[in-house]
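Me: Got a minute to go through this one with me? I'd like to start with the rings.

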Amino acid sequence: MAFSPLITEYFVLLLFIVFYFFEVLQGSILEPIYHKTIFWISVAFIINFSGNFFLLLSSVSSFQDEAFRNAFTIIYSSVTILKNILLCVAVTIKEKENEHTLFENFPIDSKLDTYLP
């Protein structure tokens, strides 16, 4: 089985992405998850990994067939193009700015300018 390492890799990466979605959905979300760039990146890779996982899993026994190799090329190309389109969507997403700044709770007073202990 030449594709065994790839099948294992895709399966593990799918598990990681599903676990990530589970953790994100457990927390309180102030805005919908689809407004975040990481959501679209995760969806792109979940489609890519799942498409390639099942394609390689089914190709273990039938890769010698010419019709299957043509279907393999079409499916692989379609999944890759869809992944690239979703990554382009992820790049164009404008996330909402945080309302809290880094120095919001930092006390600023005139003692900072005096350089005295």
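Reply: Sure. Phe68 and Phe72 both sit in helix α3, 4 residues apart, about one turn of the helix. Helices here are DSSP runs of H or I, at least four residues, numbered from the N terminus.

Me: What's the basis for the numbers?
Reply: This is a predicted model: local features need pLDDT of at least 70, side-chain atom pairs count only at pLDDT 80 or more, and totals for chains, interfaces and linings use all residues. Residues are numbered from 1 along each chain as its sequence is written, and side-chain values use heavy atoms, without hydrogens and water.

Me: How many aromatic pairs does the structure hold?
Reply: 8 aromatic pairs. Phe68 and Phe72 form a tilted one, 6.3 Å centre to centre with 50° between the planes. Rings of Phe, Tyr and Trp (its six-membered ring) pair if their centres lie within 6.5 Å; planes under 30 degrees apart count as stacked, over 60 as edge-to-face and the rest as tilted.

Me: Is Phe68 buried or exposed?
Reply: Phe68 is buried, at 16% relative accessible area. Phe72 is buried too, at 16%. Buried means under 20%, exposed over 50%, partly exposed in between (1.4 Å probe, protein chains only).

Me: Which rings are linked into a cluster?
Reply: Tyr20, Phe21, Phe39 and Trp40, through ring pairs.

Me: Back to α3. What span should its 27 residues have?
Reply: 39 Å for residues 66-92, at 1.5 Å a residue. The expected span is 1.5 Å times one less than the number of residues. The end C-alpha atoms are 40 Å apart, which agrees.

Me: Switching topic: where is Val12?
Reply: In helix α1, residues 4-26. Val12 is partly exposed, with a relative accessible area of 35%.

How values were computed:
Helix = DSSP H or I, 4+ residues; strand = E, 2+ residues; numbered from the N terminus.
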